[in-house]
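Welcome! Let's take a walk through this structure together, starting with a pair of side chains and moving on from there.

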Amino acid sequence: MSEIPDDKQVRVRFAPSPTGYLHVGGARTALFNWLFARRTGGVFVLRIEDTDRERSDPAMTTAILDSMTWLGLDWDEGPFHQAEGTGRHRADALHILAEGKAYRCFCSADDLDARRAAHPDGPDAFRYDRRCAAIPVADSDRRAAAAEPHTVRFRVPEGETAWADVVHGDISFANTDIEDFIILRTDGTPIYNLAVVSDDVEMRITHVVRGADHISNTPKQILLYRAFGQPVPVFAHVPLILGPDGKRLSKRHGATAVGEYRTLGILPDALSNFLALLGWSSGTDQEIFTRAELTVAFSLEGINKKAAIFDHQKLEWMNGRYLAEADAASLLPLVRDIVPAAGHDDDWWIFLIDLLKVRSRTIREIADQAGTYVSDSVTFEPDSVAKHWKEPGLLVERFSRLIAALEGVTDWDEATIESAIREFAAQEGIGAGKLIHPLRIALTGVSASPGIFSVMTLLGRDRVVARIRSAIGILAEMGAGTA
């Protein structure tokens, strides 16, 4: 059970390793910690676990911080760097060594490898046999003073190590299954489990919310908390995120880094909403949550045991919902990062984005559609042409008359354009749809677009007329080919 008093302020931490970009699994862990801290009025601590100096990359630290900032996961303390606490980690290890809760191990790596290989049940069954645990303290001190290479091992007590996990319930490990694990390497640097516990004690962490892949580390860490005479935090191990094939989410399933989703045009609030629902439930059917609603609804008890499936299509659907509700002006900088804005003012772009955002699932889709409105040419969709340009000769004549009608339009706005189009269709003796569908192909190249009158307003008279003339040329060639 936890040894943290119920009335103590919640303090949680997110502790990424700067050996790669922020993965969506890590982002979800950070989000759960952030939501819990905000829900309880607690403190969210950011710690960079960079003790692996060879693999740690300052550029990755920057990328992780940028991704967290983009997601809106602001931290209250930090970022602290675990590498800066190496002196404290070592002192903590030597403290429990002096108390007899740890001992020096003089077994060489080669010797251990040989004993592991010779184990009758195979190398995986090998557990350290405590050969050095019986060395008298005076002899151990003498050998260490003579600079004989050694590690420091934790002396695992008898019995079992158990805790009440918020997500998985009661979990216990027989201590006989936990070998006397190393806490200091031969060079005096700390092993992961020691550094983590030392840091969590120093930062007064009350709740450890992390991935279920850390469950195997937890009994060792609990033993260290108790050896240090410190309260054991509450543990909540969140389920893994799997791909659609049921295997652990990886590059083979597509984008996995937060920065990649940003590039793909996913909004931060949409990604946060989506990640929150991966392995957590509010107990209702609600799927779209504002950040404030998530904060109020979130609880550790709502986290599921079962692994979550990452569904890219659902993420895009959810992002589309967020785009539809977003203020077009707020999306303008994101679209302009992809599509050149030359030749049009902000009001024109905001009008365009307002039309396109309800038909899009990502910022990139808005940008792709926007290209139609800023390009000097149109790319025609074959299926749309085949469906709506079945009578090319007739359309050549009709479009030619339409140009004359449009050149006579006085005010180029939606209402005036609509009136002119409908009047022209009536003069042609056809329903407006019989004109609008072929005209949409001429102006956009596709059969689905925002309202045609809005499209024409955005394109402007000159570009509309130019595109119709271009369509007439293509239609004439089509007609000649069927003559």
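A good place to begin is a charge resting on a ring: the charged end of Arg-153 sits over the ring of Tyr-128, at 3.7 Å from the ring's centre. Keep in mind as you look around that this is a predicted model. A second arrangement of this kind involves Arg-291, whose charged end sits over the ring of Trp-34, 5.4 Å from its centre.

Rings also meet other rings here. A pair of aromatic rings is described by how far apart the centres are and by the angle of the planes. The count for this model comes to 10 aromatic pairs. One of them joins Tyr-261 and Phe-310, a tilted pair with 5.8 Å from centre to centre and 40° between the planes. This pair links distant parts of the chain, as Tyr-261 belongs to helix α8 (residues 258-264) while Phe-310 lies in the loop between β12 and α11, 49 residues apart. Are these two residues buried or exposed? Tyr-261 has a relative accessibility of 2%, so Tyr-261 counts as buried. Phe-310 is buried too, because its relative accessible area is 0%.

Another pair to find is Trp-348 with Trp-349, which is edge-to-face: the centres are 5.4 Å apart and the planes are at 80°. Both of these tryptophans, Trp-348 and Trp-349, are buried. Elsewhere, ring pairs link Phe-32, Trp-280, Phe-289 and Phe-298 into a cluster.

Now let's turn from side chains to open space. The largest pocket holds about 980 Å³ of space. Its lining is made up of 38 residues, and those nearest the centre of the pocket are Pro-16, Ser-17, Gly-26, Asp-213 and His-214. Which elements help to build this lining? At least two residues each come from β1 (11-14), α1 (24-40), α6 (192-202) and β9 (207-211). Of the contributors, α1 gives the most, with five residues. By character, the lining of the largest pocket divides into 16 nonpolar, 13 polar and nine charged residues.

The second largest pocket contains about 310 Å³ of space. It is lined by 18 residues, with Leu-277, Leu-278, Gly-279, Trp-280 and Lys-314 closest to its centre. Two or more residues of this lining come from each of β12 (308-309) and α11 (312-325). Sorted by character, the lining of the second largest pocket has eight nonpolar, six polar and four charged residues. Trp-280 ties two parts of our tour together: this residue is among those closest to the centre of the second largest pocket, and Trp-280 is also a member of the ring cluster.

Back in helix α1, you can find Ala-30. Its relative accessibility is 0%, so Ala-30 counts as buried. For a sense of distance, compare Ala-30 with Arg-143: these residues are 113 apart along the chain, and 45 Å separates their C-alpha atoms.

Our last stop is helix α16 (residues 392-407). How far apart should its ends be? At 1.5 Å a residue, the 16 residues of α16 should span 22 Å, and the C-alpha atoms at its ends are 22 Å apart, so the two values agree. Several residues of α16 are buried, among them Pro-392, Leu-395, Val-396, Arg-398 and Phe-399. Further along α16, Leu-402, Ile-403 and Leu-406 are buried as well.

Technical notes
Residues are numbered from 1 along each chain as its sequence is written. This is a predicted model: local features need pLDDT of at least 70, side-chain atom pairs count only at pLDDT 80 or more; totals for chains, interfaces and linings use all residues. Side-chain values use heavy atoms; hydrogens and water are left out. Helices (H or I, at least four residues) and strands (E, at least two) are DSSP runs, numbered from the N terminus. The expected span of a helix is 1.5 Å times one less than its number of residues. Buried means under 20% relative accessible area, exposed over 50%, partly exposed in between (1.4 Å probe, protein chains only). On a 1 Å grid over the protein atoms alone, a cavity is a set of points where a 1.4 Å probe fits but cannot get out, and a pocket is an open set with protein on both sides within 12 Å along at least five of seven lines; lining residues have an atom within 4 Å of a point. Grid points are joined across faces, edges and corners, and a volume is the space filled by probe spheres set on the points. Ala, Val, Leu, Ile, Met, Phe, Trp, Tyr, Cys and Pro count as nonpolar, Asp, Glu, Lys and Arg as charged, and the others, Gly among them, as polar. Rings of Phe, Tyr and Trp (its six-membered ring) pair if their centres lie within 6.5 Å; planes under 30 degrees apart count as stacked, over 60 as edge-to-face and the rest as tilted. A charge sits over a ring if NZ of Lys or CZ of Arg is within 6 Å of the ring centre and within 35 degrees of the ring normal.
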